[in-house]
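Hi,

Here is the structure I promised to pass on. Please have a look at it first, and then read my notes on the pockets and on one loop residue below.

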Amino acid sequence: MNHREDDWLKDGEFIGPHDPGQPLSLEEHNDHVEPPTHIAVRRVEVVARLHHMAFRGVFPDQALPPAQAGAMRSIIRNPGMSQRELADALHIQRATATVMLQKMEKAGFVLRKADQEDQRISRIYPTEAAIEMDEETRKAVDTYFMNCFSNFTPEEFELFNSLLLKLGENIREQLPISKE
């Protein structure tokens, strides 16, 4: 079984599940060739997966997994945020945030304290160990991100960023309305 990563040739040309070795034409659309919109979304999926695989290698073995490291970054920037605020900031379910925080608390990276005014709200604070680890990993993360865009001109980067924002808005409009 082929993986979607196999659809990328070494020179960066993208091919689909049709005749291997024949690049897809964006103008072509028939029973054997995916429409350009499908190809574009598959490219986004492949790039996201490649990023996920590469980004895991940025963190030292003793560090948090990337998702928890991202949560830690939010907590360090906003000490005292609530679990709900963290879940909203990360675009994850509150239950997922709870499990993540339990693991981070067990590892000694966060403290959860009840809000002084409303005991039902749990406030999250980074520990000294988290702050030290963040300082160490921030340089590696910055280098990784700089390398991701190393061959982009400033104009290309600006266009890329604006197109991703537009794509995100279009996708967000497709989401069912939340009942929370």
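One cut-off before the findings: a residue counts as exposed when its relative accessible area is over 50%, and as buried when that area is under 20%. Please also keep in mind that this is a predicted model.

With that cut-off, H91 is exposed, because its relative accessibility is 66%. H91 sits in the loop between α3 (83-90) and α4 (94-106). Its backbone may catch your eye too: phi of H91 is near 60°, a positive value in a residue that is not glycine.

H91 also turns up in the lining of the second largest pocket, together with A89, L90, R172 and L175. That lining splits into three nonpolar residues, one polar and one charged, and the pocket holds about 410 Å³ of space.

Now for the largest pocket, which holds about 1,100 Å³. Its lining is made up of 24 residues, and V44, V47, A48, F160 and L164 are the ones nearest the centre. By type, the lining has 18 nonpolar residues, four polar and two charged.

Which helix gives the most to the lining of the largest pocket? That is α1, with 10 residues. Helices α1 (36-56), α5 (128-148) and α6 (154-174) each supply at least two residues of this lining.

Happy to talk any of this through.

Best wishes

How values were computed
Residues are numbered from 1 along each chain as its sequence is written. This is a predicted model: local features need pLDDT of at least 70, side-chain atom pairs count only at pLDDT 80 or more; totals for chains, interfaces and linings use all residues. Side-chain values use heavy atoms; hydrogens and water are left out. Helices (H or I, at least four residues) and strands (E, at least two) are DSSP runs, numbered from the N terminus. Buried means under 20% relative accessible area, exposed over 50%, partly exposed in between (1.4 Å probe, protein chains only). On a 1 Å grid over the protein atoms alone, a cavity is a set of points where a 1.4 Å probe fits but cannot get out, and a pocket is an open set with protein on both sides within 12 Å along at least five of seven lines; lining residues have an atom within 4 Å of a point. Grid points are joined across faces, edges and corners, and a volume is the space filled by probe spheres set on the points. Ala, Val, Leu, Ile, Met, Phe, Trp, Tyr, Cys and Pro count as nonpolar, Asp, Glu, Lys and Arg as charged, and the others, Gly among them, as polar.
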